[in-house]
Number of protein chains: 2
Amino acid sequence: MKKAKWFIFLASTLMLSACGNLENSGGQMTPEKTGTGEAVTTGQINSDSYQALMIEGQYKTSPARTMAASRMNSNYNLNNYDKGLLELSKEQFATDKYFFEEGQFLTVNLLKEWLARESSENKEGLNPSDGGKPVILQQIIEQNFMDKDSQKLAGISIGVALNSVDYSGDAAVEISDEEIIDSGKKIVEKILPRLRALEGVGDVPIIFGLFNQSREDDVAGGNYFASVVSKKGDKLADWQAVDEEYIVLPVDEGVNNSAAEDGVNVKYKDFKQNIQGFFPNLSGFSGKAYYRNQQMQKITIIIEAKYYHTSELQSFTQFVGNSVRSIFNVPGAVEVQINHLGVTSAVVMKPAGEAEVIAQVFN
Amino acid sequence: MKKAKWFIFLASTLMLSACGNLENSGGQMTPEKTGTGEAVTTGQINSDSYQALMIEGQYKTSPARTMAASRMNSNYNLNNYDKGLLELSKEQFATDKYFFEEGQFLTVNLLKEWLARESSENKEGLNPSDGGKPVILQQIIEQNFMDKDSQKLAGISIGVALNSVDYSGDAAVEISDEEIIDSGKKIVEKILPRLRALEGVGDVPIIFGLFNQSREDDVAGGNYFASVVSKKGDKLADWQAVDEEYIVLPVDEGVNNSAAEDGVNVKYKDFKQNIQGFFPNLSGFSGKAYYRNQQMQKITIIIEAKYYHTSELQSFTQFVGNSVRSIFNVPGAVEVQINHLGVTSAVVMKPAGEAEVIAQVFN
């Protein structure tokens with residue numbers, strides 16, 4: 001593999017990078033104005049991300065945009081719920097063939113009815129009418145995909161968040177995996193015809209993902225575990241398993257998971273030990289790894305460092321950068337945030353598929 | 001100029017970069033273990049930054065490290081004071097010939113005496129004995145530079161912070177530029193023999209920088225305005241002007257400064273207008289440019305964005321990245337931080353000397 005090193009000379013910032021995989025770089029930046037019509041997009045940062053349509057210079061937000069944030073029980077669950085649906089969508093709607101748009105069909109009022117318990121006043125409720133049974137369905141999010149040429153709706157993704165613990169009553173109620181799966185599948189069967197009936201949806205493919213919302217104190221956050229596609233009408237294809245994991249590092253002794261098996265856990269512990277001696281006091285250190293189909297996609301590490309001078313931060317960032325480079329010889333991405341009093345003051349990034357590292361001190 | 005584009009494919013992160021200036025990239029990563037002896041350094045992120053020496057895996061902090069942070073009147077002044085001295089040092093002590101070490105000679109007790117008013121109990125005080133006169137000398141910081149081969153002390157930098165406004169009394173007292181310059185030069189003449197007398201300093205070159213600490217409510221922060229070198233002994237060379245500016249963007253109407261003259265101000269206003277329409281509400285937008293010898297080195301822009309979904313943040317970051325790329329065709333660096341509730345959630349960086357942009361969403 002050809003490697004071309006580059007060094008950038010800039011005052012008071014640190015940056016290191018080696019650009020590799022030049023053979024792969026066939027892509028070109030997509031212009032902001034699309035070929036046909038008047039559509040303008042956000043532009044594309046890399047070929048693995050969607051361009052989003054913009055209307056008159058403004059991003060088209062979802063009418064239900066404020067709902068998910070207020071209903072999910074932690075930011076960890078909220079982030080995994082959002083990101084996971086984008087990942088799932090990419091399998092169905094290729095980023096080079098579709099534009100992204102925030103979900104436009106599900107409104108706050110509609111969702112409030114659907115997410116409530118079924119009752120004589122609310123026949124649309126998708127949670128059990130029996131008040132003794134836990135609330136399983138917590139939230140529904142929607143993403144839209146537009147055909148690049150016609151700029152017309154060409155696909156919809158729906159993320160269905162299901163509680164592993166229901167906190168809505170006086171006491172928290174645990175819900176078994178079987179109940180979650182069964183309820184999730186039944187809910188999708190009920191939602192599908194309702195979606196098809198909404199004006200403008202028509203017969204575009206819809207992909208549904210079932211998301212297991214983990215306990216509110218779980219710093220890993222939940223994950224998608226199943227998906228199903230409806231090509232058109234009220235017919236669903238076969239359910240597919242979704243294999244994604246968020247693993248908190250280091251892995252507890254004796255636990256066997258992807259990070260323990262592939263050596264990422266050992267590398268993380270080496271890295272942590274290497275870094276922790278640097279300053280007399282280092283107040284926080286946490287890590288998490290994201291796996292998809294048992295392949296490590298990204299490690300995220302957050303370091304809380306107490307420094308007093310820019311020079312200390314610069315030296316520390318250099319040391320972190322070199323430690324990432326020498327220890328994390330992994331195919332996935334590595335991202336280290338260096339925080340000071342909770343505010344990000346520097347970042348170190350190793351992109352997926354690369355050996356070299358980019359570091360940036362903010363000041 | 002040869003340009004080689006690259007695209008990185010990574011799950012749920014956005015990254016774009018084109019690597020240019022391959023002709024310039026003669027450097028190699030410096031190993032963490034140095035050639036001679038047992039010295040270990042932080043490693044080097046780019047050739048424009050210093051490697052710092054580490055002792056037994058730990059960074060050697062300064063005995064006076066906590067002092068500057070508590071004495072400077074704002075973080076803007078503190079950052080400019082620290083960074084500016086590093087920039088000044090680079091002119092005297094090349095980053096490829098010297099290792100960096102935090103200042104080891106000035107202790108908290110020594111500085112407390114020096115920074116106080118002169119009195120019969122404290123003959124070392126460098127501020128006026130006359131209580132009716134303002135406190136001009138606010139702080140002294142020190143940086144050490146070690147010869148790469150011998151790993152022995154080979155140079156010292158001293159930053160002398162002088163108040164443009166003295167807040168120590170009941171009322172704030174403004175101090176004229178002439179007073180600041182005169183006092184600063186006299187203080188350096190007094191400090192030099194005291195430094196030479198400290199054990200271990202010997203006859204290494206010492207560079208002094210005079211820093212003008214701006215008002216506590218000035219978001220630009222102060223800057224260095226003069227420097228002088230003592231090659232050895234108590235002799236000072238001629239004073240040199242230091243030309244560095246921190247300019248808050250946009251520049252007020254009618255004001256003439258480097259950013260108004262070279263077009264950076266217009267580009268900033270275009271950029272801001274382009275970005276501000278994106279979301280229905282964008283709560284904060286601020287910018288600053290750093291100039292050295294009238295050349296723009298770096299623009300820093302901080303955007304406070306209220307978003308509800310990861311997909312919104314990703315789309316926004318793409319749009320910001322493409323706007324930076326299309327609007328800021330400048331030789332200097334551009335750094336945009338995208339914050340959410342005060343926490344950095346994404347960054348966009350255009351390195352100095354490059355046309356392309358790197359973007360990263362943290363999640």
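# Notebook: strands and helices in chains A and B

I began at the strand pairing of chain A, where A:Ala346 stands opposite A:Val361 in strand E19. I note here that the model is predicted.

**Entry 1. Strands E17 to E19 of chain A.** The pair just named belongs to the antiparallel pairing of E18(A), residues 343–350, with E19(A), residues 358–361, and I found four bridges between these strands. I then looked at the other pairing of E18(A). Strand E17(A), residues 333–340, runs antiparallel to E18(A) and is joined to it by seven bridges. In that pairing, A:Glu335 is the residue opposite A:Met349. I checked the turn of the E17(A)–E18(A) hairpin as well: two residues lie between the strands, and A:Leu341 adopts a positive phi near 50°. As to burial, seven of the eight residues of E18(A) are buried, and I recorded the strand as mostly covered.

**Entry 2. A three-stranded sheet in chain A.** I next looked up an open sheet whose strand order is E3-E4-E5, with antiparallel pairing. E3(A), residues 40–41, and E5(A), residues 58–59, are the edge strands; each has a single partner, so one side of each lacks a neighbour in the sheet. Between E3(A) and E4(A), residues 53–55, I found two bridges in the antiparallel sense. A:Thr41 faces A:Leu53 of E4(A) across this pairing.

**Entry 3. Chain A as a whole.** I noted seven helices and 19 strands in chain A. The chain has 363 residues, of which 58% count as buried. I also looked at its contacts between residues at least 6 apart in sequence: 60% of them join residues at least 24 apart.

**Entry 4. Helix H3 of chain B.** Which residues of H3(B), residues 108–115, are buried? I found B:Leu111, B:Trp114 and B:Leu115. These residues span an arc of only 90° around the axis, and therefore lie on the same side of H3(B). The general rule is that an α-helix has 3.6 residues a turn, so residues three or four places apart point the same way. On the face turned away from the buried side I found the exposed residues B:Asn109 and B:Lys112. The buried residues of H3(B) pack against three elements of chain B: helix H1 (65–71), strand E7 (137–147) and helix H4 (177–197).

**Entry 5. Where H2(A) meets H7(B).** I followed helix H2(A), residues 75–92, to helix H7(B); their axes come within 8 Å and cross at roughly 65°. From H2(A), the residues A:Asn79, A:Asp82, A:Lys83 and A:Leu86 meet B:Thr310, B:Ser311 and B:Gln314 of H7(B). By class, I recorded one nonpolar, four polar and two charged residues in this contact.

**Entry 6. B:Ser323.** I remained with H7(B), residues 310–327, which holds B:Ser323. The relative accessibility of B:Ser323 is 0%, so the residue counts as buried. What does its side chain reach at 2.8 Å? I found the backbone oxygen of B:Phe319 at that distance.

**Entry 7. B:Val228.** My final entry concerns B:Val228, in strand E12(B), residues 223–230. Its relative accessibility is 1%, so B:Val228 counts as buried. Leaving aside neighbours within four places in sequence, I listed its contacts as B:Val188, B:Ile206, B:Ile207, B:Phe208, B:Leu236, B:Ala237, B:Asp238 and B:Trp239. I also noted B:Gln240, twelve residues from B:Val228 along the chain, with 6.1 Å between the two C-alpha atoms.

Terms used. Residues are numbered from 1 along each chain as its sequence is written. Chains are lettered from A and ligands numbered from 1 in the order in which they are written. This is a predicted model: local features need pLDDT of at least 70, side-chain atom pairs count only at pLDDT 80 or more; totals for chains, interfaces and linings use all residues. Side-chain values use heavy atoms; hydrogens and water are left out. Two strands pair if DSSP finds at least two bridges between them. Buried means under 20% relative accessible area, exposed over 50%, partly exposed in between (1.4 Å probe, protein chains only). A polar contact is a pair of N or O atoms within 3.5 Å; within protein, one must be able to donate a hydrogen and the other to accept it, and residues adjacent in sequence count only if both atoms are side-chain atoms. The arc is that of the directions from the helix axis to the C-beta atoms. Contact means heavy atoms within 4.5 Å. Axes are lines fitted to C-alpha atoms, for helices over the stretch in contact, and angles run from 0 to 180 degrees between N-to-C directions. Ala, Val, Leu, Ile, Met, Phe, Trp, Tyr, Cys and Pro count as nonpolar, Asp, Glu, Lys and Arg as charged, and the others, Gly among them, as polar.
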